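Work through the exercises below with the model open. Try each task before reading its solution.

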Amino acid sequence: MSSKRVSCFVLINCCFLVAASAGNFYQDFQITFGDGRAKILENGQLLTLSLDKASGSGFQSTHEYLFGKIDMQLKLVGGNSAGTVTAYYLSSKGSGWDEIDFEFLGNLSGDPYILHTNVFTQGKGNREQQFYLWFDPTKDFHTYSILWNPQSIIFSVDGTPIREFKNLESKGVAFPKNQAMRIYSSLWNADDWATRGGLVKTDWSQAPFTASYRNFNAQACLWNSQGSSCSGSHNQAWYKQSLDSTGQARIKWVQKNYMIYNYCTDAKRFPQGFPPECSLA
């Protein structure tokens, strides 16, 4: 069976494998670029990415996933991180790709990081929401989580939900459900746009810039092109999980106090009307 036909039958035949993975970076990830700037340390328990004027660095997961709860602890670039972006996301491949994004936009010393989120379906994004954090993400490790199941995508920080993208396919809104995704992360220079719209440039005298990762955990269905069954996934809590009343209250608290941009309120950007999920959600 062709890969295209397999992907079409994913939800019917459940061609993937449930796994719970508590991370060892040697086993779970591959360094993709950086010429030595990405390092796996402490017997596979710590990964660091660095950026200098010559290059950034990055890694990707060994496995592909189709639904799961993905947790990673990050400690972001400290000090004057203006111009730098630390990206941590799930993505499929091809021109009609799906993607679920965390991006951390650096800033001048003392100014807050911006947490940028986005959801792409079939190659279409433009669903940005941005937040300040209620702590300094450079001082210690914090957990950034993506819950992706057939009902919704929930972004969380230290267990607090900050954003939900619901499955509204019945209302004509595309939802990522047919394409397996890998986890990717990179640290790179984006001083043409990342900090104050590109007004603040990267100060290379502060290089190298370093971001650190630990405690990767995946409760997820691993994509298996051989057609293995996803035994027991429907009984896993994450597969059915949605926001309860406490979660709804927390997400409202975050969005009231820490959201700084929401595409669903940007009337200048959408003069012909907001995307349908803005009113349906």
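A salt bridge here is a side-chain nitrogen of Lys or Arg within 4 Å of a carboxyl oxygen of Asp or Glu. The model is predicted. By that cut-off the structure holds six salt bridges.

**Exercise 1. The chain as a whole**

Task: Describe the secondary structure of the protein chain and state what share of its residues count as buried.

Solution:
- Step 1. Take the secondary structure. The protein chain has six helices and 16 strands.
- Step 2. Take burial. The chain has 281 residues, and 51% of them count as buried.
- Step 3. Turn to the surface. About 13100 Å² is exposed, with carbon and sulfur atoms supplying 48% of it.
- Step 4. Check the contacts. Among those between residues at least 6 apart in sequence, 68% join residues at least 24 apart.

**Exercise 2. Three salt bridges**

Task: For D71, D111 and E128, find the salt-bridge partner of each.

Solution:
- Step 1. Start with D71. Its partner is K69, and the closest N and O atoms are 2.8 Å apart. D71 has a relative accessible area of 11%. Buried means under 20%, so D71 is buried.
- Step 2. Go to D111. It pairs with R196, again with closest N and O atoms 2.8 Å apart. This pair links distant parts of the chain. D111 sits in the loop between β8 and β9, R196 in the loop between β14 and β15, and 85 residues separate them. D111 is partly exposed, at 31% relative accessibility.
- Step 3. Finish with E128. It bridges to R269, with closest N and O atoms 2.7 Å apart. E128 lies in the loop between β9 and β10, and R269 in the loop between β16 and α6, so the bridge ties together parts 141 residues apart in sequence. E128 counts as buried at 15% relative accessibility. R269 counts as partly exposed at 30%.

**Exercise 3. Helix α5**

Task: Compare the expected span of α5 with the distance between its end C-alpha atoms, then sort its buried and exposed residues.

Solution:
- Step 1. Work out the span. The expected value is 1.5 Å times one less than the number of residues. Helix α5 covers residues 245-257, 13 residues, so it should span 18 Å. Its end C-alpha atoms are 18 Å apart, which agrees.
- Step 2. List the buried residues. In α5 they are G247, I251 and V254. They lie on the same side of α5, because they cover an arc of only 60 degrees around the axis.
- Step 3. Look at the opposite face. Turned away from the buried side, it carries the exposed residues S245, K252 and K256.
- Step 4. Find the cover. The buried residues of α5 are covered by elements including β10, β13 and β16.
- Step 5. Inspect the N-terminal end. D244 caps it, with a side-chain oxygen 3.2 Å from the backbone nitrogen of T246.

**Exercise 4. D98 and Q122**

Task: Place D98 in the chain and find the polar partners of its side chain.

Solution:
- Step 1. Locate D98. It lies in the loop between β7 and β8. Its relative accessible area is 3%, so it is buried.
- Step 2. Find the polar partners. A polar atom of the D98 side chain lies 2.8 Å from the backbone nitrogen of Q122. The side chains of D98 and Q179 are joined by a polar contact of 3.4 Å.
- Step 3. Add other contacts. Beyond four places in sequence, D98 touches several residues, among them F120, P176 and M181.
- Step 4. Examine Q122. It lies in the loop between β9 and β10. It counts as exposed, at 59% relative accessibility. Its phi is near 55 degrees, a positive value in a residue other than glycine.

**Exercise 5. Backbone geometry and S212**

Task: Which peptide bond is cis, and where does S212 lie?

Solution:
- Step 1. Check omega. The bond from A207 to P208 is cis, with omega near 0 degrees. P208 is in the loop between β14 and β15.
- Step 2. Check phi at D35. It is positive, about 50 degrees, although D35 is not a glycine. D35 sits in the loop between β2 and β3 and is exposed, at 76% relative accessible area.
- Step 3. Place S212. It lies in strand β15 and counts as buried at 12% relative accessibility.
- Step 4. Trace S212 to K75. They are 137 residues apart in sequence, yet 5.1 Å apart in space, C-alpha to C-alpha. K75 is also one of the residues in contact with S212.

Key:
Residues numbered from 1 in each chain as written. Predicted model: local features only at pLDDT ≥ 70, side-chain atom pairs only at ≥ 80, totals over all residues. Heavy atoms only, no water. Buried < 20%, exposed > 50% of the residue type's maximum accessible area, 1.4 Å probe, protein only. Helix = DSSP H or I, 4+ residues; strand = E, 2+ residues; numbered from the N terminus. Arc of directions from axis to C-beta. Contact = heavy atoms within 4.5 Å. Polar contact = N/O pair within 3.5 Å; in protein donor to acceptor, adjacent residues only side chain to side chain. Areas by Shrake-Rupley, 256 points an atom, 1.4 Å probe, with all protein chains shown as cover.
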